[in-house]
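User: Please give me a close look at one part of the surface, then lead me from there into the rest of the fold. I'm a first-year student, so a short explanation of each term would help.

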Amino acid sequence: MDQIMIGKFIAACRKEQGLTQAALAEKLGVSDRAVSKWENGRNMPDVSIIPELCALLKIDLNELFAGERLSMDNYKEIAQKNLLEMRRQEEMANKRLLNAEKILGFVSVATSLAMVVSGLLVAESSPVVSIVLCSLAGLTVLVFAFYGIKIEHEAGYYECPECGERYIPDSYWKVCFAPHFGSTRKMTCPKCGKRAYQKKVLTKE
Ligand SMILES: [Zn+2]
C-alpha cells in the first residue's frame, strides 16, 4: 500500500467533486488537518470513516487502497489484496486498543493502590488528606472501569459459539454488566438469541 499515492488520489478525487479540504473534513466530522495528513500521505483515514469517504469521493474501497481508478482487468486481483489488507489493519487497530486497555488497567490499579497506601500512612496525622486520597483511589478505579469497558465494547467483535455470528453489542451497558473472565463475556447473541460465553475476536470474518 502506497500512502503517498493514496494521498494524491484522495486529493485529486476531492477536487473532482469540487470539495475543499475543509468541506470534506466537515462532511466526515474530522479536522481539516486530518484530511491534509491523508493527502500528504502521512496518515491513512480511519477504517471507520473509509466507507463514507469513498462515497463522497465517488470511488470504491479498492480504488482508494490502490490509489487509482481501476479497470475491470486488474480489479479482482486488487480487490482481493485490499480486502486482506483492510482486515489486517482492523486487526492491528483492535489489538492496539486492547493493549491500551491492559496498560490503562495496570496504571490505574497501581495508582489507586499507591493512593490508598499513602492515605493509610497519613491517616493518623492528617485524616482529611487520608480520606481524599482514598476517595481519589476509588474514583480512579471507577473511571478506568468505565473507559476499559468502553474500549472493550468498541474494539473487535464478540463471537457467538452457537451460530458463529460476530457482532458489536448494541449497548455499552450490556457489556458492562455481563459476567466475564478476561474479555470473554456472557451475553445474548443478537442473531440466534442464545445466551452463552462469547469470545472476543479481532475481525469480522
Ligand atoms: Zn448466535
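Analyst: Let's start on the outside of this predicted model, where Leu-104, Val-128, Val-132, Leu-136, Leu-139, Leu-142, Val-143, Phe-146, Tyr-147, Trp-173 and Phe-177 form a nonpolar patch. Together they offer about 1,100 Å² of accessible area (Shrake-Rupley method, 1.4 Å probe, with only the protein chains shown as cover for residues). Patch residues have over 30% relative accessible area and no salt bridge, with nonpolar side chains joined within 5 Å and like charges within 9 Å; a salt bridge is a Lys or Arg side-chain nitrogen within 4 Å of an Asp or Glu carboxyl oxygen.

Who gives the most to this patch? Helix H7 (residues 127-154) does, with 8 residues. Helices and strands here are DSSP runs of at least four and at least two residues. Leu-104 sits in another helix, H6 (residues 72-121). Leu-104 counts as partly exposed because its relative accessibility is 37%, between buried (under 20%) and exposed (over 50%).

Now follow the chain to the sheet. Five strands form an open sheet in the order E2-E1-E5-E4-E3, with antiparallel pairing (at least two DSSP bridges per pair). E2 (166-167) and E3 (180-181) are the edge strands, each pairing on one side only. Strands of a sheet pair through backbone hydrogen bonds, either parallel or antiparallel.

At the E2 edge, 2 bridges join that strand to E1 (residues 157-159), and Tyr-158 has Tyr-167 as its bridge partner. At the other edge, E3 and E4 are also joined by 2 bridges, with His-180 partnered by Arg-185. The hairpin of E3 and E4 has 2 residues between the strands, and Gly-182 takes a positive phi near 60° there.

E4 (residues 184-188) holds Thr-184, which is buried because its relative accessible area is 15%. Leaving aside neighbours within four places in sequence, Thr-184 is in contact (heavy atoms within 4.5 Å) with Pro-179, Tyr-197, Gln-198 and Lys-199.

On to E5 (residues 195-201): 4 antiparallel bridges join E4 to this strand, and Met-187 is matched with Ala-196. The hairpin of E4 and E5 has 6 residues between the strands, and Gly-193 has a positive phi near 75°.

A note on reading all this: residues are numbered from 1 along each chain as its sequence is written, and side-chain values use heavy atoms, without hydrogens or water. Local features need pLDDT of at least 70 and side-chain atom pairs 80 or more, whereas totals for chains, interfaces and linings use all residues.

Definitions and conventions. Buried < 20%, exposed > 50% of the residue type's maximum accessible area, 1.4 Å probe, protein only.
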